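Colleague: Could we go through this model together, one question at a time?

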Amino acid sequence: MINEILGYITTILAGSAIVLGGIVEGYGYGLSLGTNWPYTNNIVELAGKGDPEAIHRIVATLVGIFSLILLIIDFNTITIIGFISIVATALLGMATLYVLAGKLPSIFQGFHDIAAYTTFITYLILATDYISPSKYIGFLISAITPPHFLYFVIFMGGVVTGTRRMKLSIGDVRKPKNRLQWAWVIHGIVAAIFFIALIILRYWIPLVFALIESAVGLWTYYQINKNPTKPGAVIGLHQLFSLAVVVSLIFFS
């Protein structure tokens with residue numbers, strides 16, 4: 001029982017950290033703490049003043065603490081992978097700061113997003129006890145292989161964010177002219193393949209959420225071009241519907 005409660009708490013915190021990451025981008029707080037990682041001396045004070053990057057890091061820290069507790073009290077395949085994924089998310093979070101500062105390539109942002117979503121998925125499965133460890137591993141494998149390779153969609157979304165460094169507009173992508181526009185186009189192509197795969201597999205509920213997410217994605221594209229440094233809450237909303245797609249894939253596939 002305690003495992004399930006801690007699993008739900010960790011899941012909610014992990015999902016909140018992902019959405020907060022979108023809020024950080026949406027309101028231009030990506031480098032509000034500079035490249036200092038993971039903390040600054042006044043991080044709690046900044047969080048109290050509403051700095052979403054400070055809140056994001058504190059929430060991520062709580063995910064790490066609960067992850068460690070679960071690893072100690074219930075040492076198994078799922079808690080091991082969960083702990084590894086949160087450590088990877090943290091380390092890649094540091095790398096992401098250097099991506100935003102233009103000192104590392106954008107692929108690190110893509111890998112960071114994969115690690116963050118793996119953390120969320122892991123503790124959701126642990127909390128609900130919905131599938132066995134072997135089926136859980138199978139789910140992760142299916143996320144990186146055809147037909148739907150969900151993780152490639154997530155990865156390219158992160159690459160787009162990293163390439164624009166939370167401050168550049170994407171522009172007209174009908175005739176891609178630069179790395180950012182090509183990253184967005186590739187992200188769109190793999191998303192379209194994802195939709196087709198959901199239809200072929202008859203995953204109707206995930207398809208509905210995916211189509212809603214794609215509409216929010218187009219809105220995100222519009223807002224980024226309108227105000228590239230502060231596109232607004234739509235970035236967090238985009239992440240929220242991404243989480244909804246993931247949850248629906250777990251329970252309705």
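Colleague: Is Arg174 buried or exposed?

Modeller: This is a predicted model, and the value asked for is computed from it. Since exposed means over 50% relative accessible area, and Arg174 has a relative accessibility of 74%, the residue falls in that class. Arg174 therefore counts as exposed.

Colleague: With which residue does Arg174 form a salt bridge, and how accessible is that residue?

Modeller: The closest N and O atoms of the pair are 2.7 Å apart, and the partner of Arg174 is Asp172. Because partly exposed lies between 20% and 50%, Asp172 counts as partly exposed, its relative accessibility being 39%.

Colleague: Are Arg57 and Glu53, which also form a salt bridge, buried or exposed, and how far apart are their closest N and O atoms?

Modeller: Arg57 and Glu53 are 4 residues apart in helix H3 (residues 52–73), so about one helical turn separates them. Both residues are buried, and the closest N and O atoms of their salt bridge are 2.8 Å apart.

Colleague: Which side chain does Thr163 join in a polar contact?

Modeller: Thr163 lies in helix H7, which covers residues 150–164, and it is buried because its relative accessible area is 13%, under the 20% cut-off. Leaving aside residues up to four places away in sequence, Thr163 touches several residues, including Leu168, Arg179 and Ala183. The polar contact of 3.1 Å joins the side chain of Thr163 to that of Ser106.

Note on methods. Residues numbered from 1 in each chain as written. Predicted model: local features only at pLDDT ≥ 70, side-chain atom pairs only at ≥ 80, totals over all residues. Heavy atoms only, no water. Helix = DSSP H or I, 4+ residues; strand = E, 2+ residues; numbered from the N terminus. Buried < 20%, exposed > 50% of the residue type's maximum accessible area, 1.4 Å probe, protein only. Polar contact = N/O pair within 3.5 Å; in protein donor to acceptor, adjacent residues only side chain to side chain. Contact = heavy atoms within 4.5 Å. Salt bridge = Lys/Arg side-chain N within 4 Å of Asp/Glu carboxyl O.
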